[in-house]
Amino acid sequence: MPTAYDPATVKLSPHPQVRDQGIRYEESDGTEGTDMNGSPCLLLDYQGRVSGEWRRTVLIHATDDDDRYLIVASNGGSDSHPMWFASVEANPEVHVRVLGERFRARAEVLPPEEKARVWPLLLDVFPRYEQYQKGTDRDIPVLRISRA
């Protein structure tokens, strides 16, 4: 059963590093935990496709035209999509925090030609994405986050 969005009750990632970074990001009002080894990060709050509960992950991002954000469903280059991806595909209405700003947004998976256009922007902020893509047979999805 879907639940109402409340940033104070969002379920945190089960991965300790992601969970701890998300806590630091949120508790500092976006002044700490905002990067991963120099790559900028945002908080993505999304609704679980099965549970309806709101969950949070921390993701590296690039910026596209008109203040839109690009994220990658890389899962560290593994052969499966990250757990958050199926939920965001099913429920594209999300909440995002970038530094001190929180806003409602919509996520969309980019088609191949658009992914090809923005891929260099993502490699500029996190070059390892290229290794991730080469190391798996799956096409790693790129999503655009646009303010609602």
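A residue counts as buried when its relative accessible area is under 20%, as exposed when that area is over 50%, and as partly exposed in between. Keep that in mind as we walk through this structure, which is a predicted model.

Let's start with Arg 97. Its relative accessible area is 5%, so it is buried. What does its side chain meet? Arg 97 and Asp 29 come together in a salt bridge, with 2.2 Å from N to O. Arg 97 belongs to strand E6 (residues 93-98), while Asp 29 sits in the loop between helix H1 (16-27) and strand E1 (35-36), so this pair ties together parts that lie 68 residues apart in sequence. The two partners don't get the same label, though: Asp 29 has a relative accessible area of 46%, which makes it partly exposed, whereas Arg 97 is buried.

That's one bridge out of a bigger set, as the structure holds 18 salt bridges. Another one pairs Arg 68 with Asp 64, where the closest N and O atoms are 3.8 Å apart. Here it's the acidic partner that is tucked away: Asp 64 is buried at 6% relative accessibility, and Arg 68, at 22%, counts as partly exposed.

Now hop back to strand E6 for a third bridge. Arg 106 pairs up with Glu 93, and their closest N and O atoms are 2.1 Å apart. Arg 106 is in strand E7 (residues 101-109) and Glu 93 is in strand E6, so the pair links distant parts of the chain, 13 residues apart. Buried or exposed, or something in between, for these two? Both land in the middle: Arg 106 is partly exposed at 44%, and Glu 93 is partly exposed at 40%. Some bridges also share partners, and in that way Glu 26, Asp 29, Asp 45, Arg 56, Arg 97 and Arg 102 are joined into one network. You've already met two of its members, Arg 97 and Asp 29.

Finally, have a look at a couple of loops. Which residue has a positive phi in the loop between E6 and E7? That's Leu 99, with a phi of about 55 degrees even though it is not a glycine. At 45% relative accessibility, Leu 99 is partly exposed. Asn 75 also has a positive phi, near 50 degrees, and it too is a residue other than glycine. You'll find Asn 75 in the loop between strand E5 (68-72) and helix H2 (83-90), and with a relative accessible area of 35% it is partly exposed.

Note on methods:
Residues are numbered from 1 along each chain as its sequence is written. This is a predicted model: local features need pLDDT of at least 70, side-chain atom pairs count only at pLDDT 80 or more; totals for chains, interfaces and linings use all residues. Side-chain values use heavy atoms; hydrogens and water are left out. A salt bridge is a side-chain nitrogen of Lys or Arg within 4 Å of a carboxyl oxygen of Asp or Glu. Helices (H or I, at least four residues) and strands (E, at least two) are DSSP runs, numbered from the N terminus. Buried means under 20% relative accessible area, exposed over 50%, partly exposed in between (1.4 Å probe, protein chains only).
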